[in-house]
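This report looks at how selected helices pack, how certain strands pair, and where a covalent cross-link and some backbone details are found.

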Amino acid sequence: MNYLTNDKLVIVGAAGMIGSNMAQTAIMMGLTSKICLYDPYAPGVEGVAEELRHCGFEGVDITFTSDIKEALTDAKYIVNSGGAARKAGMTREDLLKGNAAIAEEFGKNVRQYCPDVRHIVIIFNPADITGLIALLYSGIEPSRLTTLAALDSTRLRSELALQFHMPMDAITGARTYGGHGEQMAVFASTCKVDGTPLTDIIGSAQFPDTAWQELKQRVIQGGKHIIDLRGRSSFQSPAYVSIEMIAAAMGGKPFRWPAGTYVNNDRYSHIMMATETNITKDGVTCTPLKGTPEEMAELDKSYKHLCTLRDEVIAMGVMPPIDQWKELNPYLDNKTC
């Protein structure tokens with residue numbers, strides 16, 4: 001089998017449902033011939049490795065370990081799902097304290113064992129904040145780390161396709177930006193329904209404004225809905241989309257959706273948030289967002305919510321005050337999109 005690269009890809013949290021699905025997806029998509037599965041739960045990660053070997057894949061070296069040093073040494077790509085999972089009745093923000101500490105430890109481990117890593121994708125919640133913490137403590141350039149934010153956009157596309165009884169491919173430009181949480185900004189101005197701008201449809205007899213507002217709420221509560229239906233948080237969709245992200249970083253197909261990236265400009269400062277991005281072998285770049293005044297106001301509100309979470313983490317002592325960040329990662333003072 002021809003792989004995109006022979007460089008080492010590490011799946012952190014590989015014993016879990018997301019991590020094990022990520023590993024299988026990465027092999028099936030032909031990402032790399034060298035995959036290392038890491039999880040502190042040794043029997044679980046060994047079991048995942050055994051199952052993957054039983055699949056009979058060709059040309060891939062599957063290793064596993066519960067030793068983080070062994071896992072990260074020589075790692076060039078990492079996808080990290082190693083935080084606590086969201087449970088029924090919880091918001092993504094409820095996971096903040098425990099997962100913030102996990103993100104801090106991970107960032108420090110990256111700094112120590114694989115500072116030349118080419119790209120990291122963080123997907124454990126609240127991903128905007130855990131990604132920011134990991135970026136700070138790793139000391140790497142912001143272009144080398146992204147967070148999973150695409151699920152809100154894919155859920156928007158899904159809801160619109162159901163609303164208008166058409167294939168999902170007929171919905172283009174479905175976009176949400178800002179936080180991956182209850183305060184996301186859902187954009188209509190970027191979206192088309194079978195070629196017709198969504199903004200031309202909203203408010204019509206076919207799609208009254210009340211129906212649009214209800215649809216937006218279904219998008220915002222999409223993760224909760226999966227928990228209500230399945231009794232556990234999403235694992236198939238985050239696994240697949242995150243592997244699409246790391247594939248783009250390896251030089252594969254362009255990533256089709258927004259990603260969480262570090263943003264520091266005159267409007268949004270020292271934050272990780274979902275924006276329009278381009279992920280390549282050279283890293284992630286982003287472009288300034290354009291929306292209606294109402295959409296930009298929603299985005300500003302989402303940014304303020306993320307700042308509140310960031311400041312809570314600072315108050316916990318997990319991160320130092322912003323003016324001290326340059327001592328840990330001088331790249332974070334640089335301007336971005």
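Angles between helix axes under 35 degrees count as roughly parallel, over 145 as roughly antiparallel, 65 to 115 as roughly perpendicular, and the rest as oblique. The model described here is predicted.

**Helix packing**

Helix H5, residues 127-138, packs against helix H11, residues 293-316, at an angle of about 50°, and the two axes are 10 Å apart. H5 and H11 are therefore oblique to each other, and their crossing is right-handed. On the H5 side the contact is made by Asp-128, Ile-129, Leu-132 and Ile-133, while H11 contributes Leu-306, Leu-309, Arg-310 and Val-313. Sorted by class, the residues of the contact of H5 with H11 are six nonpolar, no polar and two charged.

Helix H4, residues 96-113, also packs with H11: the axes of H4 and H11 come within 11 Å and cross at roughly 70°, which makes H4 roughly perpendicular to H11. In this contact Leu-96, Lys-97 and Ala-100 of H4 meet Leu-309, Glu-312, Val-313 and Met-316 of H11. The contact of H4 with H11 has five nonpolar, no polar and two charged residues.

The axes of H4 and H5 come within 7 Å and cross at roughly 30°, and H4 and H5 are therefore roughly parallel to each other. H4 passes H5 in a right-handed crossing. The residues of H4 that take part include Leu-96, Ala-100, Ala-103, Phe-106 and Val-110, and those of H5 include Ile-129, Ile-133, Ala-134 and Tyr-137. By class, the residues of the contact of H4 with H5 divide into 10 nonpolar, four polar and three charged.

The table sets out the classes of the contact residues for each helix pair.

| Helix pair | Nonpolar | Polar | Charged |
|---|---|---|---|
| H5 and H11 | six residues | no residues | two residues |
| H4 and H11 | five residues | no residues | two residues |
| H4 and H5 | 10 residues | four residues | three residues |

**Strands and the disulfide**

Strand S13, residues 271-280, and strand S14 run antiparallel and are joined by five bridges. S13 and S14 form a hairpin, with two residues between them. Within this pairing, Thr-277 has Cys-286 of S14 as its bridge partner.

Cys-286 also takes part in a covalent link, since a disulfide joins Cys-286 to Cys-337 with an S to S distance of 2.1 Å. With -100° about the S-S bond, the link of Cys-286 and Cys-337 is left-handed. Cys-286 lies in strand S14, residues 283-287, and Cys-337 in the segment after helix H12, residues 325-328, so the pair ties together parts that are 51 residues apart in sequence. A search of the whole structure finds one disulfide.

Elsewhere in the chain, three strands form an open sheet in the order S7-S10-S11, with antiparallel pairing. Strand S7, residues 171-172, and strand S11, residues 196-197, stand at the edges and have a single partner strand each, so one side of each is left without a neighbour in the sheet. S7 and strand S10, residues 192-193, pair in the antiparallel sense over two bridges, and the bridge partner of Ile-171 in S10 is Val-193.

**Backbone details in loops**

Two loop positions deserve a note on backbone geometry. The peptide bond from Asn-125 to Pro-126 is cis, with omega near -10°, and Pro-126 is found in the loop between strand S5, residues 119-122, and H5. Asp-74 has a phi near 70°, a positive value in a residue other than glycine, and Asp-74 is found in the loop between helix H3, residues 68-72, and strand S4, residues 77-80.

Note on methods: Residues are numbered from 1 along each chain as its sequence is written. This is a predicted model: local features need pLDDT of at least 70, side-chain atom pairs count only at pLDDT 80 or more; totals for chains, interfaces and linings use all residues. Side-chain values use heavy atoms; hydrogens and water are left out. Axes are lines fitted to C-alpha atoms, for helices over the stretch in contact, and angles run from 0 to 180 degrees between N-to-C directions. Helices (H or I, at least four residues) and strands (E, at least two) are DSSP runs, numbered from the N terminus. A crossing is left-handed if the near helix is turned anticlockwise from the far one by less than a right angle, and right-handed if clockwise. Contact means heavy atoms within 4.5 Å. Ala, Val, Leu, Ile, Met, Phe, Trp, Tyr, Cys and Pro count as nonpolar, Asp, Glu, Lys and Arg as charged, and the others, Gly among them, as polar. Two strands pair if DSSP finds at least two bridges between them. A disulfide is a pair of cysteine sulfur atoms within 2.5 Å.
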